[in-house]
Amino acid sequence: MPGKIEDYALIGDCETAALVGRNGSMDWLCWPYFDSDACFAALLGDDSHGHWQISPKHAITSTSRRYRGDSLILETRFETDSGVVTLIDFMPPRGSASDIVRLVRGDAGQVEVRMHLVLRFGFGVNVPWVKRGEQAGDLLAICGPDMAVLRSPILTHGEAMTTVADFSVCAGETVPFVLSYGPSHLPVPKPINPADALSDTEAFWAEWSGRCTYQGDHRELVMRSLITLKALTFGPSGGIVAAPTTSLPEQLGGSRNWDYRFCWLRDATFTLFALMNNGYTAEASDWHDWLMRAAAGAPAELQIMYSIYGHRRLLEWQADWLPGYEGAQPVRIGNAAHGQLQLDVYGELIDSFHQWRMAGLELDGETWSMERAVLEHLAEVWQQPDSGIWERRGAGKHYVFSKVMSWVAFDRGIKSSEKFGLKAPVDKWRALRDEIHRDVCDKGFDKAQNSFVEHYGSQMLDASLLLLPAVGFLPPDDPRVLGTLAATEKHLMHRGFVLRHDPRETPDEPLPVEGAFLACSLWLADAYLLAGELDKAKELFDRVVGVANDVGLLAEEYDPDARRQTGNFPQALTHIALIVTADNLCTAMGASDKPALQRSK
């Protein structure tokens with residue numbers, strides 16, 4: 001059965017990804033692409049909905065695991081009363097197909113091992129037709145458009161609509177299993193040599209990781225975050241998904257369950273900073289190219305998220321046959337928030353282009369034309385209520401962060417025009433920028449609390465307000481910014497972590513309504529740094545990285561009462577925020593000359 005969210009590790013080939021538990025069970029696999037329904041679903045249901053476990057049959061005395069260096073090659077070591085085996089899991093990024101390689105290596109003694117494969121498609125509901133392949137140990141599974149091939153020298157057999165194998169491994173022996181995916185109308189994927197695939201995968205990650213320029217504290221965690229970000233990149237398009245999973249609950253047992261296997265525009269500037277500041281300009285360029293393609297078209301049709309290819313219709317439905325992770329329902333596929341108006345994405349889009357120019361990287365000639373069209377549209381809609389950064393479902397409101405990011409859009413448009421000689425109606429944009437600034441300061445600031453608030457007319461806070469100094473809306477030492485930080489500490493902190501929603505909204509519900517949002521805790525650390533509070537920033541950063549699992553991975557949220565990670569896993573925004581805050585700490589301590597995340601220049 002599925003373990004805790006933090007019990008999992010990630011493997012991937014930059015086209016798809018899988019989660020592997022401490023017990024050697026692969027319980028989540030979305031194949032062939034992040035937005036496909038060809039996948040295991042044991043994490044959302046039970047073992048009958050699909051998993052792939054390889055583990056000793058003997059009593060296990062201890063288990064440990066690690067990634068092999070700066071790579072996505074996972075090694076899980078099982079010590080038993082009869083010997084020791086190591087399970088080596090990886091996905092070679094070969095491009096023509098997706099393969100999972102599982103090597104069972106004998107390290108000491110002799111260990112009896114069982115392989116149990118429950119292969120299901122359609123989020124666990126579709127049982128494939130299985131037949132023998134060309135070789136004795138090969139199996140071919142077909143279901144509609146999907147095909148999977150299992151190859152191994154070990155003979156398998158069927159058992160209750162599943163595939164099993166029992167074998168022994170002695171010290172010095174390695175038993176391979178390779179599971180490959182391909183569309184069922186195409187030829188069977190060609191076999192790979194497991195040993196060569198391991199060498200190739202190790203070389204791929206060694207070359208990629210070797211380009212990292214980060215040299216500060218917590219380098220291992222920063223490197224793991226960068227590798228995770230690379231793993232969440234869809235190589236053919238350059239898009240980066242928010243997470244490889246869907247419907248892992250923000251509240252254990254609750255209904256705050258969303259599909260995060262899509263690409264959000266909101267993460268634009270943070271993503272670019274995290275990549276470019278650490279030596280990965282090629283990935284930043286690929287992501288920018290994806291962004292340009294996805295956002296192309298009429299500005300009025302700009303969405304807040306797209307698929308890995310740039311698809312726009314991300315219809316949301318519920319897989320009601322799945323009981324959900326630890327009973328959390330519903331299990332959602334697709335995301336209805338794609339159709340919401342969220343004004344902040346305009347600011348993030350224009351800001352990302354400005355930061356790109358500031359880094360000295362070239363943009364194509366169409367980018368500025370697109371930016372001007374977007375700003376002309378924003379001039380017509382910025383006064384409308386929207387759904388906000390947290391994608392509230394229901395009637396729109398005048399969210400403060402949405403207005404601030406509208407200000408950012410015009411501010412960066414003006415700065416790009418003036419600094420880089422780009423033709424624009426800057427007088428009109430200045431007037432709009434100043435009007436939005438006055439509007440926010442007049443209607444979005446609560447003098448009684450000495451704090452900005454979530455939306456006009458409210459007394460509630462939300463954690464997005466922590467970004468006001470980072471985006472340059474007000475100086476970090478402005479009394480209103482310092483007041484907002486103090487109000488955040490008073491109302492949004494829970495056991496040392498930052499909640500994104502004000503718990504005063506739901507006074508009759510016990511805390512937490514959801515887990516603490518880990519990226520928001522890191523945003524507070526960034527705000528502390530900008531305010532000159534280095535010790536408080538370091539303390540909060542250390543607290544966040546302290547809840548990473550044993551292989552350095554973080555989910556979207558953390559429940560400090562249950563001491564459990566919650567939400568989709570691993571979460572790109574959390575790892576991006578970790579990288580950015582680590583960079584900012586290095587800059588604040590004089591260990592780096594990288595620009596801090598105050599993006600107003």
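**Salt bridges and a helix pair: a chat**

Author: Hi! By the usual distance rule, the count for this predicted model comes to 46 salt bridges.

Reader: Nice. Why would side chains pair up like that in the first place?

Author: Side chains of opposite charge can pair when their charged atoms come close.

Reader: Okay, pick one for me. Which residue does Glu 283 bridge to?

Author: Glu 283 pairs with Arg 211, and their closest N and O atoms are 3.6 Å apart. Glu 283 sits in helix H4 (residues 281–295), while Arg 211 is in the loop between helix H1 (194–209) and helix H2 (219–231), so the bridge ties together parts that are 72 residues apart in sequence.

Reader: And is Glu 283 buried or exposed?

Author: Glu 283 is buried, at a relative accessible area of 10%. Its partner Arg 211 is partly exposed, at 29%.

Reader: What about Glu 316, who does that one pair with?

Author: Glu 316 forms a salt bridge with Arg 393, with 2.8 Å between the closest N and O atoms. This pair also links distant parts of the chain, 77 residues apart: Glu 316 is in the loop between strand S17 (305–306) and strand S18 (317–318), and Arg 393 is in the loop between helix H6 (366–381) and helix H7 (400–420).

Reader: How accessible are Glu 316 and Arg 393?

Author: Glu 316 has a relative accessible area of 26%, which makes it partly exposed. Arg 393 is partly exposed too, with 43%.

Reader: I also spotted Glu 326. Which side chain does it meet in a salt bridge?

Author: That would be Arg 564, at 2.9 Å from N to O. The two are 238 residues apart, with Glu 326 in the loop between S18 and strand S19 (332–333) and Arg 564 in strand S26 (residues 564–566).

Reader: Which of those two is buried, and which is partly exposed?

Author: Glu 326 counts as partly exposed at 46% relative accessibility, whereas Arg 564 counts as buried at 10%.

Reader: Which residues are joined into one network by salt bridges that share partners?

Author: Asp 351, Asp 411, Arg 412, Lys 415, Arg 433 and Asp 434 are joined that way.

Reader: Let's switch to helices. At what angle do H5 and H7 pack?

Author: Helix H5 (residues 344–358) and H7 pack at about 30°, and their axes are 7 Å apart. Angles under 35 degrees count as roughly parallel, and H5 and H7 are therefore roughly parallel to each other. Their crossing is left-handed.

Reader: Which residues make the contact?

Author: On H5 they include Tyr 346, Ile 350, Asp 351 and Met 358, and on H7 they include Phe 401, Met 405, Val 408, Arg 412 and Lys 415. Asp 351, Arg 412 and Lys 415 also belong to the salt-bridge network.

Reader: How many nonpolar, polar and charged residues are in that contact?

Author: The contact of H5 with H7 has eight nonpolar, six polar and seven charged residues.

Reader: While we're around there, where is Ser 406?

Author: Ser 406 lies in helix H7. It counts as buried, at 0% relative accessibility.

Reader: And what does Ser 406 touch?

Author: Leaving out residues up to four places away in sequence, Ser 406 touches Leu 343, Leu 378, Trp 382 and Ile 436.

Reader: Last one: where is Pro 476?

Author: Pro 476 is in the loop between strand S21 (451–452) and helix H9 (479–491). At 14% relative accessibility, Pro 476 counts as buried. Its C-alpha atom is separated by 46 Å from that of Thr 76, and the two residues are 400 residues apart along the chain.

Terms used: Residues numbered from 1 in each chain as written. Predicted model: local features only at pLDDT ≥ 70, side-chain atom pairs only at ≥ 80, totals over all residues. Heavy atoms only, no water. Salt bridge = Lys/Arg side-chain N within 4 Å of Asp/Glu carboxyl O. Helix = DSSP H or I, 4+ residues; strand = E, 2+ residues; numbered from the N terminus. Buried < 20%, exposed > 50% of the residue type's maximum accessible area, 1.4 Å probe, protein only. Contact = heavy atoms within 4.5 Å. Axes fitted to C-alpha atoms, helices over the stretch in contact; angles between N-to-C directions. Parallel < 35°, antiparallel > 145°, perpendicular 65-115°, else oblique. Left-handed = near helix turned anticlockwise from the far one by under 90°. Nonpolar A, V, L, I, M, F, W, Y, C, P; charged D, E, K, R; others polar.
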